[in-house]
Amino acid sequence: GSGQPFLHLHGFTRSLKDWEAGLIPQLLADGFRVIAYDSRGHGASGKPDAPEQYGQEDVNDAIRLLDHLGIDNAHIVGYSRGASIASRIVAQRPRRARSVVFGGWGTDNPVQKLDPSECESAAAALERGEPPIAFLRTLVPPGTPPPLPASSPAGALPPVEARRSFAAALRSDCHTRHATIEDLDAAHVPALAIAGALDGMLPAVKSMAVRMPSLKVVVLPNANHLTAPITGFVEAAAAFLREQRARKK
């Protein structure tokens, strides 16, 4: 497309294909230039299996892509892990972000609070092709059963290479320096946070909003971490981006 650029950052174990039927066509129709890619370790991108190949490198990839395309700054939308990456872009390179949408993510969230043993347990489960229970518990409110995927035949599991890269990315995320509310507030980048009412990340989003008065928040009724992207997220994000585009003219 053309017009103001929009950069999309997908979530953990996902790919840009998840958004090809929702947010991407909506923003193309709205007249944005849309940029989306598979982050390292995901989709069709390379699969490094060392934790040090993630973290800061995820942030660097986004900046390198914008540089490669000759784009000074873009509206950024990230979901879940993608929102974590977006937050670090805003904190480290605020001039590269025209605005930012954090989907299913807030500072000081449950994933960041996993202790080392829980993180390692979840990463090892991913490598084995089993549900990462400790990680999945962070996606639901306390006391709620984790969203276990339906059992799959061995042939339906992600390839070993992908499982190892997911595990490496998680191990990195559990030890990286995350953006703080002070980082984001100091960046002065217009921001929106969107979360489902049944998302385990919602308390972190609400806490972030209290301490960052400029942050806009949309809570999607009856949506959880997995269903929010198809339960009002596209509409809320697109409306915010249209508003920011008009404001920037």
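For the residue classes used in these legends, Ala, Val, Leu, Ile, Met, Phe, Trp, Tyr, Cys and Pro count as nonpolar, Asp, Glu, Lys and Arg as charged, and the others, Gly among them, as polar. The model shown is predicted.

**Figure 1. The second largest cavity.** The space enclosed here has a volume of about 50 Å³. Its lining consists of Leu9, His10, Tyr37, Ser39, Arg40, Asp58, Asp61 and Ile85. Sorted by class, these are three nonpolar, two polar and three charged residues. One of the lining residues, Asp58, is in a salt bridge with Arg81, and another, Asp61, is in a salt bridge with Arg64.

**Figure 2. The largest cavity.** Two cavities of 30 Å³ or more are found in the whole structure, and the largest holds about 160 Å³ of space. It is lined by 15 residues, of which Ser80, Arg81, Ser84, Val111 and Asp173 are the closest to its centre. Helices α3 (81-92) and α6 are the elements that give two or more residues to this lining. The lining residues comprise seven nonpolar, six polar and two charged.

**Figure 3. The salt bridge of Arg81 and Asp58.** The structure as a whole has 16 salt bridges. In this one the side chains of Arg81 and Asp58 meet at 2.7 Å, N to O. Arg81 belongs to helix α3 and Asp58 to helix α2 (residues 56-68), so the bridge ties together parts that are 23 residues apart in sequence. Arg81 and Asp58 are both buried.

**Figure 4. A salt bridge within helix α2.** Asp61 and Arg64 form a salt bridge in which the closest N and O atoms are 2.8 Å apart. Both residues lie in helix α2, three residues apart, about one turn of the helix. Asp61 has a relative accessible area of 17% and is therefore buried, since buried means under 20%. Arg64, at 41% relative accessibility, is partly exposed.

**Figure 5. The salt bridge of Glu182 and Arg211, and a separate network.** The side chains of Glu182 and Arg211 meet at 3.0 Å, N to O. This pair links distant parts of the chain, with Glu182 in helix α7 and Arg211 in helix α8 (residues 202-211), 29 residues apart. Arg211 is partly exposed, its relative accessible area being 39%. Elsewhere, Arg40, Glu57, Asp61 and Arg64 are joined into one network by salt bridges that share partners.

**Figure 6. The disulfide of Cys119 and Cys174.** One disulfide is found in the whole structure. It joins Cys119 to Cys174, with an S to S distance of 2.2 Å. The link is right-handed, with 100 degrees about the S-S bond. Cys119 is in helix α4 and Cys174 in the loop between α6 (160-173) and α7 (181-187), so that distant parts of the chain, 55 residues apart, are linked. Both ends are buried: Cys119 has 2% relative accessibility and Cys174 has 14%.

**Figure 7. A polar contact of Gln4.** Gln4 is found in the segment before β1 (5-9). Its relative accessible area is 14%, and Gln4 is buried. The side chain of Gln4 makes a polar contact with the side chain of Arg98, at 3.4 Å.

**Figure 8. Positive phi at Asp108 and Asn222.** Asp108, a residue other than glycine, has a positive phi, near 55 degrees. Asp108 sits in the loop between β4 (97-103) and α4 (116-128) and is partly exposed, at 42% relative accessible area. For Asn222, also a residue other than glycine, phi is positive and near 65 degrees. Asn222 sits in the loop between β6 (216-220) and α9 (233-248) and is exposed, at 68% relative accessibility.

Note on methods. Residues are numbered from 1 along each chain as its sequence is written. This is a predicted model: local features need pLDDT of at least 70, side-chain atom pairs count only at pLDDT 80 or more; totals for chains, interfaces and linings use all residues. Side-chain values use heavy atoms; hydrogens and water are left out. Helices (H or I, at least four residues) and strands (E, at least two) are DSSP runs, numbered from the N terminus. Buried means under 20% relative accessible area, exposed over 50%, partly exposed in between (1.4 Å probe, protein chains only). A disulfide is a pair of cysteine sulfur atoms within 2.5 Å. On a 1 Å grid over the protein atoms alone, a cavity is a set of points where a 1.4 Å probe fits but cannot get out, and a pocket is an open set with protein on both sides within 12 Å along at least five of seven lines; lining residues have an atom within 4 Å of a point. Grid points are joined across faces, edges and corners, and a volume is the space filled by probe spheres set on the points. A polar contact is a pair of N or O atoms within 3.5 Å; within protein, one must be able to donate a hydrogen and the other to accept it, and residues adjacent in sequence count only if both atoms are side-chain atoms. A salt bridge is a side-chain nitrogen of Lys or Arg within 4 Å of a carboxyl oxygen of Asp or Glu.
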